[in-house]
Amino acid sequence: MVIRVLIADDQEMVRAGFRAIIDAQPDMEVVADAPDGVVAVAEARRHKPDVCLFDIRMPRLDGLEATRTLLAGGNGSGPRVVVVTTFDTDEYVYGALRSGATGFLLKDSGPTLLVEAVRAAASGESLVSPSVTVRLLERLSEPVKDGPKAVGILTERELDVVELVARGKTNAEIAEALFVSVSTVKTHMEALFSKLQARNRVEIAAWAWEHGVVG
């Protein structure tokens with residue numbers, strides 16, 4: 001199965017570089033690219049890619065607003081969005097993931113991590129540049145007034161899954177650790193997204209650290 005990718009960045013050279021990296025993969029293809037957020041949303045709705053790579057600073061509509069616009073009311077059926085940027089700031093990282101992005105990647109992370117981020121997003125995983133992960137968890141672990149507070153809302157097995165997510169394990173690794181199938185892990189993940197009001201795995205990990213599931 002080929003992963004269909006859309007690239008949005010206001011720099012033509014960046015779009016060309018990403019396209020070359022993605023198209024060189026046997027399981028990926030670039031179906032469209034866009035120079036700004038408005039075109040990106042329109043092209044995404046037209047081509048229905050599996051994964052969108054969005055820059056943050058773009059004309060007319062930035063990457064955060066484009067993400068929110070594209071994913072609004074989609075009930076999880078829309079494309080996965082990975083924000084790829086040169087700007088390593090708490091506000092951008094936090095804003096991207098709160099907007100519904102699956103991953104956050106710095107442009108200097110290299111082609112290998114870019115490809116891994118696309119594959120992770122396509123499979124429902126979340127990849128965040130290692131250099132920002134610890135700081136991100138600290139920021140996301142700040143109490144949220146309307147967020148779930150009681151660990152008791154989760155079953156014992158769901159807590160097991162949460163702990164492994166917080167330790168950076170993939171669905172396949174969680175399945176192996178718990179001696180269950182990957183499809184069972186995915187079922188637990190769907191329940192966790194609903195119960196914890198989380199949009200991605202990083203928010204689940206943050207919840208785990210905040211509530212002492214891991215330490």
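1. Ala 8 stands opposite Phe 54 in β3. This pair is a convenient place to start reading the model, which is a predicted one. Ala 8 belongs to strand β1, residues 3–8, and β1 pairs with β3 in the parallel sense over 4 bridges. Further along β1, Leu 6 has Cys 52 of β3 as its bridge partner.

2. On its other side, β3 is joined to strand β4 (residues 80–85) by 4 bridges, and these two strands also run parallel. Phe 54 appears here too, standing opposite Val 83 in β4.

3. Which residues of β3 are buried on each face? Val 51 and Leu 53 are buried on one side of the strand, Cys 52 and Phe 54 on the other, so that both faces of β3 (residues 51–54) are covered.

4. The sheet as a whole is open and has 5 strands in the order β2-β1-β3-β4-β5, with parallel pairing. Its edge strands are β2 and β5 (103–106), each of which pairs on one side only. From one strand to the next, the twist averages 25 degrees. Helix α3 packs on this sheet and touches β3 and β4. The direction of α3 makes about 155 degrees with that of β3; angles over 145 degrees count as roughly antiparallel, and the helix therefore runs roughly antiparallel to the strand.

5. Thr 67 lies in helix α3. Is Thr 67 buried or exposed? Thr 67 has a relative accessible area of 1%, and the limit for a buried residue is under 20%, so Thr 67 counts as buried. A polar atom of the Thr 67 side chain lies 2.7 Å from the backbone oxygen of Gly 63. Neighbours within four places in sequence aside, Thr 67 is in contact with Phe 54, Val 81, Ser 99, Gly 100 and Ala 101. Phe 54, listed among these contacts, is the β3 residue that stands opposite Ala 8 and Val 83.

6. Helix α2 covers residues 37–47, and its buried residues are Gly 37, Ala 40, Val 41, Glu 43 and Ala 44. These pack against β1, β2 (28–34), β3 and α3 (63–71). Glu 43 is a charged residue in that buried set and merits a look by eye.

7. Both ends of α2 can be described. At the N-terminal end, Asp 36 acts as the cap, with a side-chain oxygen 3.0 Å from the backbone nitrogen of Val 38. Just after the helix, Lys 48 takes a positive phi of about 50 degrees.

8. How do the axes of α2 and α3 lie to each other? They come within 9 Å and cross at roughly 30 degrees. Because angles under 35 degrees count as roughly parallel, the two helices are roughly parallel to each other. The crossing in which α2 passes α3 is right-handed. On the α2 side, the contact is made by Gly 37, Val 41, Ala 44 and Arg 45; on the α3 side, by Ala 66, Thr 69 and Leu 70. Gly 37, Val 41 and Ala 44 are also among the buried residues of α2.

9. A separate point concerns helix α7 (residues 156–166). Its buried residues are Glu 158, Val 161, Val 162, Leu 164, Val 165 and Ala 166. They pack against α8 (171–178), α9 (182–195) and α10 (201–210). After α7 comes Gly 168, whose phi is positive, near 85 degrees.

Terms used:
Residues numbered from 1 in each chain as written. Predicted model: local features only at pLDDT ≥ 70, side-chain atom pairs only at ≥ 80, totals over all residues. Heavy atoms only, no water. Buried < 20%, exposed > 50% of the residue type's maximum accessible area, 1.4 Å probe, protein only. Pairing = 2+ DSSP bridges. Contact = heavy atoms within 4.5 Å. Polar contact = N/O pair within 3.5 Å; in protein donor to acceptor, adjacent residues only side chain to side chain. Axes fitted to C-alpha atoms, helices over the stretch in contact; angles between N-to-C directions. Parallel < 35°, antiparallel > 145°, perpendicular 65-115°, else oblique. Left-handed = near helix turned anticlockwise from the far one by under 90°.
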